[in-house]
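Colleague: I should like to take a close look at one part of a protein model and then see how it fits with its surroundings. Please keep the terms plain, since a first-year student will read your reply.

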Amino acid sequence: MKRIVTFGPGPQFKGGIANYNTSLSRALDRNEEVEVHIVSWTQQYPAIIPRDFIDRKSKQDQLAGSRIKVHYLLNYNRPGTWRKTVRFICDLNPDRVIIQWAIAIQGIPLRYMARKLQKAGVRVFFDLHFVVQKENSNLDRLLTRRCIRFSDAYITHSLKTFEELKELIPEKDYRLCGMNDTPPATGISVLNLFHPVYDMFKKDASFDVDGFKSSLGLNKHVFLFFGFIRKYKGLHNVIEAFNLVAQQRNDVSLLIVGELFWNTLDQKKFSTRLKSAAFRVAKKLFLNKQDDEQNYRPLELVEKYGLQDRVVAITEFVPNEDVHKYFQASDSITLFYTAATPSGVESLAYNFGLPILATRVGHFFETIKHGYNGYLADPDNPVSMAEMMVQSIETPIPADNVYATSAKMSWDNYASAILSH
């Protein structure tokens, strides 16, 4: 029996990477010849970051019915737990460790872990959700390069990420592989796959869509923005474009469902104010000014344009069991990003047959076929975005097209490809 460790945030954490790591683990666990252990963080980031990362709302047990064992061990701020985590994984003697790589600041403890595991003879796979981070500071590139070089193989979700990997660490002998390819005899395997379609979120056939829309005051045509509100996700673009659409039509609504990423702690507490002050200093030292999200307040545009009766904003974390409601109530999802790597929100849209309105950035060229499963707009161009929003109403994308696009993007296919390497 193969024993595999999936390292990343466990199911007690919020966000796409936690959902991703849990879904991957469940897919691997469905193979009866595989024993899966999730080894997770207890604290993912430096203590000064003023944010609560724990999911305190979802009630469903995401691992119900599985054989998966979860171990919460690694605390970013306590190096003693780094050593403890390495010893624990080595004692498991796994066939491989799959590390979720999603943010560069985690490169300090993860470099220690990957390097020590390789020295101990454990096979390390980095599952790369990005190589060049959206903010792309010099510090991010340094931490990424110093960490992910300690890997026996890589998993990428787009060709763009593969090209960035070759550029950042050019000295390695990479061998690009597809889903059905056999592992290379020499060199470093880069298994280029896809972002699988989440199987933990499903349509509820009994859900009263019309009643739900009525309760929120939504109009006939609903555009959805879903997920953490971050600057690179372009909510400001969405609102700017929607304002243009709302000037043309009176049957449209914008549904914004997402937690304000940097506003999850009680701002009145002294500990929160202390963390926020320290974090502001750190950002000034290490982050480019244009990438600082401290003053990013896109929702102020709603009032500026007088869209209060057209926009519904739910700015809190949504429990997993409620996610389907917002996708079922919407007609399309807006991903007017300024920069993009394969997106968990995009994967969610596929699962609900929801057409995708996105910008021509990042990997979207690879996954969105203009006019077939969605529409592509010019980046940083609200007029172009508004045109695509109107076109999605006038020439709607059939849900069957969206489902067909993602038919092979299952977690079971994804897990099988990884196991073959």
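Colleague: Where does Asn 93 lie?

Modeller: Asn 93 lies in the loop between H2 and S4. Helices (H or I, at least four residues) and strands (E, at least two) are DSSP runs numbered from the N terminus. The model is a predicted one, in which local features need pLDDT of at least 70 and side-chain atom pairs count only at pLDDT 80 or more, while totals for chains, interfaces and linings use all residues. Residues are numbered from 1 along each chain as its sequence is written, and side-chain values use heavy atoms, with hydrogens and water left out.

The backbone of Asn 93 deserves attention, for this residue has a positive phi of about 50 degrees although it is not a glycine. Most residues other than glycine have a negative phi. With a relative accessibility of 60%, Asn 93 counts as exposed; exposed means over 50% relative accessible area, buried under 20%, and partly exposed in between (1.4 Å probe, protein chains only). A similar description applies elsewhere in the chain. Asp 380 is not a glycine either, yet its phi is positive, at about 55 degrees. This residue is found in the loop between strand S14 (374-377) and helix H13 (382-394), and at 59% relative accessibility it counts as exposed.

We may now move to helix H2, which borders the loop of Asn 93. Helix H2 (residues 79-92) packs with helix H3 (residues 107-119) at an angle of about 35 degrees, and their axes are 10 Å apart. Here axes are lines fitted to C-alpha atoms, for helices over the stretch in contact, and angles run from 0 to 180 degrees between N-to-C directions. From H2, the residues that make the contact (heavy atoms within 4.5 Å) are Trp 82, Arg 83, Thr 85, Val 86, Ile 89 and Cys 90. From H3 they are Ile 108, Pro 109, Tyr 112, Met 113, Lys 116 and Leu 117. The residues of this contact divide into nine nonpolar, one polar and two charged, where Ala, Val, Leu, Ile, Met, Phe, Trp, Tyr, Cys and Pro count as nonpolar, Asp, Glu, Lys and Arg as charged, and the others, Gly among them, as polar.

Trp 82 has a further partner in Asn 75, whose contacts beyond four places in sequence are Thr 42, Gln 43, Thr 81 and Trp 82. Asn 75 belongs to strand S3 (residues 69-75), and its relative accessibility of 13% means that it counts as buried. Its side chain reaches the backbone nitrogen of Asn 77 at 2.8 Å.

Helix H3 leads us on to helix H4 (residues 138-148), in which the buried residues are Asp 140, Leu 143, Thr 144, Cys 147 and Ile 148. Seen down the axis of H4, these residues fall within an arc of 100 degrees, so they line one face of the helix; the arc is that of the directions from the helix axis to the C-beta atoms. They pack against H3, strand S4 (96-101), strand S5 (124-128), strand S6 (153-156) and helix H5 (159-168). Strand S4 thus appears again, having been named beside the loop of Asn 93.

Two residues further along the chain give a useful comparison. Trp 411 has its place in helix H15 (residues 411-419), and it is buried, with a relative accessible area of 2%. Although Trp 411 and Pro 196 are 215 residues apart in sequence, their C-alpha atoms are 5.5 Å apart in space. Beyond four places in sequence, Trp 411 touches Tyr 20, Ser 23, Leu 24, Ala 27, Arg 30, Pro 196, Val 197, Tyr 198 and Asp 199. Its side chain also reaches the backbone oxygen of Val 197 at 3.2 Å.

Ala 377 is found in strand S14, the strand that borders the loop of Asp 380. It is buried, with a relative accessible area of 0%. The C-alpha atoms of Ala 377 and Val 361 are separated by 9.3 Å, and the two residues are 16 residues apart along the chain. When residues up to four places away in sequence are not counted, Ala 377 touches Phe 336, Ala 358, Thr 359, Arg 360, Ser 384, Met 385 and Met 388.

Note on methods. Polar contact = N/O pair within 3.5 Å; in protein donor to acceptor, adjacent residues only side chain to side chain.
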